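Colleague: I'm new to this one. Can you walk me through the inside of it?
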Amino acid sequence: MMRFPRNKRNAFIPVVILVFLILLIFPNAPEKNECCNIIIVSVTNLAANHMPLYGYDRDTTPNIDRFAAKSLVFENAFAHSSWTLASGASLFTSLYPSQHNLNDRYSGQFLANNITTLIDILNENGYNTAAFTGGFDYDFRYNLINRFSKAEALPSSEAQVFGYGSLSQSTRLASDWMEKNSDKKFFVFVQGYDVHCPFTPDKKFDIYDPEYNGTLDASACYITFEDAEPFYKG
């Protein structure tokens with residue numbers, strides 16, 4: 001698990017990728033497969049400063065906290081970029097966005113075939129690789145998840161508003177795949193946009209503030225480049 005530094009500069013960034021590395025050892029596997037399986041779970045936009053294990057005062061992530069209590073937690077980790085597409089390419093290539101050049105989702109840019117990724121290395125070393133993502137910045141057109149032997153970017157018919165797929169969908173597919181491939185060493189990437197805007201598909205603020213009578217559309221994504229302090233009510 002990666003722990004992000006608690007300072008004002010990194011307290012809120014538009015895209016935070018939270019990565020868990022879970023090592024699963026199968027002692028009864030054949031000798032050639034005596035190795036660790038690797039699972040990376042990426043929660044797009046989950047900010048460290050809104051998680052109790054990093055000092056937040058609300059019980060927002062109880063399952064992650066329980067996992068962290070018996071895990072190695074890194075306290076000084078930085079994302080290479082502030083948004084998903086560039087960060088995802090950096091995660092798998094160890095390159096800065098200026099090096100892998102995947103910085104624009106609408107210009108037709110994609111990850112060059114001659115750039116080696118962690119996926120390629122594990123493929124070459126006998127791993128069965130699979131990715132189950134929420135689509136959008138993890139879509140096939142960017143030539144990243146294409147590197148996996150098995151990859152699914154959730155179609156819009158199953159995705160949330162704006163075409164963002166959820167972790168519940170990705171996890172279901174990943175769990176089924178891992179069960180069917182448990183006799184092999186594997187590398188699985190699971191990703192979803194559950195905490196990414198828009199924050200309420202029904203366009204209502206009722207569950208947050210029943211007395212709200214403003215004109216903001218909660219189904220939209222509002223972006224600001226200014227620092228903002230949190231506001232608490234009730």
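Modeller: Here is a short tour of aromatic pairs, one strand residue and the nonpolar cores.
Modeller: This is a predicted model, so local features need pLDDT of at least 70, side-chain atom pairs count only at pLDDT 80 or more, and totals for chains, interfaces and linings use all residues. Residues are numbered from 1 along each chain as its sequence is written, and side-chain values use heavy atoms, with hydrogens and water left out.

Colleague: How many aromatic pairs are there?
Modeller: The search of the whole structure finds ten. Rings of Phe, Tyr and Trp (its six-membered ring) pair if their centres lie within 6.5 Å; planes under 30 degrees apart are stacked, over 60 edge-to-face, and the rest tilted.

Colleague: What kind of pair do F92 and F148 make?
Modeller: Their ring centres are 5.9 Å apart and the planes sit at 90°, so the pair is edge-to-face. F92 is in helix α3 (residues 84-93), F148 is in the loop between β3 (128-133) and β4 (150-153), and they are 56 residues apart. Helices (H or I, at least four residues) and strands (E, at least two) are DSSP runs, numbered from the N terminus.

Colleague: And F92 with F189, what's the geometry?
Modeller: Edge-to-face, with 5.1 Å centre to centre and 85° between the planes. F189 is in strand β5 (residues 186-192) and F92 in helix α3, so this pair ties together parts 97 residues apart in sequence.

Colleague: Is F92 buried or exposed?
Modeller: F92 is buried, with a relative accessible area of 2%. F189 is buried at 0%. Buried means under 20% relative accessible area, exposed over 50%, partly exposed in between (1.4 Å probe, protein chains only).

Colleague: Which residues form the aromatic cluster with F92?
Modeller: Y138, F148, F187 and F189 join F92 in one cluster.

Colleague: Switching topic. What is A151 in contact with?
Modeller: A131, F140 and I145, leaving aside neighbours within four places in sequence. Contact means heavy atoms within 4.5 Å. A151 is in strand β4.

Colleague: Now the largest nonpolar core. Which residues have the most contacts inside it?
Modeller: W177, M178 and V188, in a core of 19 residues. A nonpolar core is a set of buried Ala, Val, Leu, Ile, Met, Phe, Trp, Tyr and Cys residues joined through side-chain atoms within 4.5 Å.

Colleague: Which element gives the largest share of this core?
Modeller: That is α6, with four residues.

Colleague: What does V188 touch?
Modeller: Its contacts include I38, A130, F132 and W177, not counting residues up to four places away in sequence. There is also a second, separate core of 18 residues, including I119 and L144.
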